[in-house]
Amino acid sequence: MASNINPTVRRRRLGQELRRLREDKGMTAEQVAERLLVSQSKISRLENGRRSISQRDVRDLCGVYEVDDHRIVDSLMQMAKDSRQQGWWHAFGDIPYSVYIGLETEAASLRVYESLLVPGLLQTPGYAEAVIPGAVPELAPENLEKRIQVRMRRQERVNDPKRPLRLWVVLDESALRRVVGNHLIMREQLEHLVEMSNLPHVTVQVLPYDTGAHAGMSGTFSILEFDDASDSSVVYIEGVTSDLYLEKTNDVHKYTIMYEHLRAQALNADQSREFIARAAKEHADARG
């Protein structure tokens, strides 16, 4: 296990190994839970990497699966130990979408469809400061500042000099028109969006209102892909009280097809830059 792999990915890979051992044994998660006197949901969370895995959990599971090779057990135990290390985001305390940040930090590419706001990776500080309390109106001031700092730190991944994130964004026109904060903030945000879209590894496409019905009308989503072949792609759907992570091949395939339709229906990259630049000018004119 490379030392620079973040804990979220460590847990995910360990969970995949534990699932493989269970399936090789021909056991269901319910059967394993009964043997260990734990809930079936705990086994599921361990296997999908959504919760920390202790070395004791690994030892107990390897006992149930009758893993005799001590090298395999030792390797899994070490993975469990490594998975409990903390990523940079833990320094900011309890972040509700920390699992997503861990995946985003390790992803090689990210495809995003947003219908209402500019994605966090492309937000200016002023826009973030205005949009976060609007979306979470009861957020305490100290937590607002923390979330802004986390959002700005996440953006370092886009321009990582060693491994820049390949970012593709399809953005509904409403995100350009909605006045978040004020017209000055919007003008600066859209000018920043144009600037970022000129980077070779960042693509932004706009879905104008006159596109009509389109494949993204059921809601926003993101698709994360990874360099390591052992890491399957993930579809992320953000929720109010909980988030959804889809990893089954069929689910990812369906969302991938949806995204291809969105890209086909949207303006191309050059047309989108011109469209965004015009919208930025309109905000400047509205400000007077």
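This briefing goes through a group of aromatic residues, the strands beside them and one loop residue. The model is predicted, and every value below is computed from that model. Five aromatic pairs are counted in the structure, and ring pairs join Y113, F221, Y255 and Y259 into a cluster.

**Aromatic cluster**

- Y113 and F221 make a tilted aromatic pair, in which the ring centres are 6.2 Å apart and the planes meet at 50 degrees.
- This pair connects distant parts of the chain, since Y113 belongs to strand β1 (residues 109–114) and F221 to strand β4, with the two positions 108 residues apart along the chain.
- Y113 has a relative accessible area of 1% and F221 one of 2%, and because buried means under 20%, each of these two residues is classed as buried.
- F221 also pairs with Y259, and because their planes stand at 80 degrees, over the 60 degrees that marks the class, this pair is edge-to-face, with the ring centres 6.1 Å apart.
- The F221 and Y259 pair likewise links distant parts of the chain, from strand β4 to helix α11 (residues 249–265), the two residues being 38 residues apart.
- Y259 is buried, as is F221.

**Strands β1, β2 and β3**

- Strand β1 pairs with strand β2 in the parallel sense, over six bridges, and within this pairing R111 has W168 of β2 as its bridge partner.
- Strand β2 is joined in turn to β3 by six bridges, and these two strands also run parallel; here the bridge partner of V170 is Q205 in β3.
- Strand β2, which spans residues 166–172, is mostly covered, with five of its seven residues buried.

**A charge over a ring**

- W168, the bridge partner of R111, has a second contact to note, as R263 lies over the face of its ring at 4.2 Å from the ring centre.

**The loop residue M217**

- M217 is placed in the loop that runs between β3 (202–207) and β4 (221–225).
- M217 has a relative accessibility of 59%, and because exposed means over 50%, M217 counts as exposed.
- Although M217 and S115 are 102 residues apart along the chain, their C-alpha atoms are separated by 8.4 Å.

Methods
Residues are numbered from 1 along each chain as its sequence is written. This is a predicted model: local features need pLDDT of at least 70, side-chain atom pairs count only at pLDDT 80 or more; totals for chains, interfaces and linings use all residues. Side-chain values use heavy atoms; hydrogens and water are left out. Helices (H or I, at least four residues) and strands (E, at least two) are DSSP runs, numbered from the N terminus. Buried means under 20% relative accessible area, exposed over 50%, partly exposed in between (1.4 Å probe, protein chains only). Rings of Phe, Tyr and Trp (its six-membered ring) pair if their centres lie within 6.5 Å; planes under 30 degrees apart count as stacked, over 60 as edge-to-face and the rest as tilted. A charge sits over a ring if NZ of Lys or CZ of Arg is within 6 Å of the ring centre and within 35 degrees of the ring normal. Two strands pair if DSSP finds at least two bridges between them.
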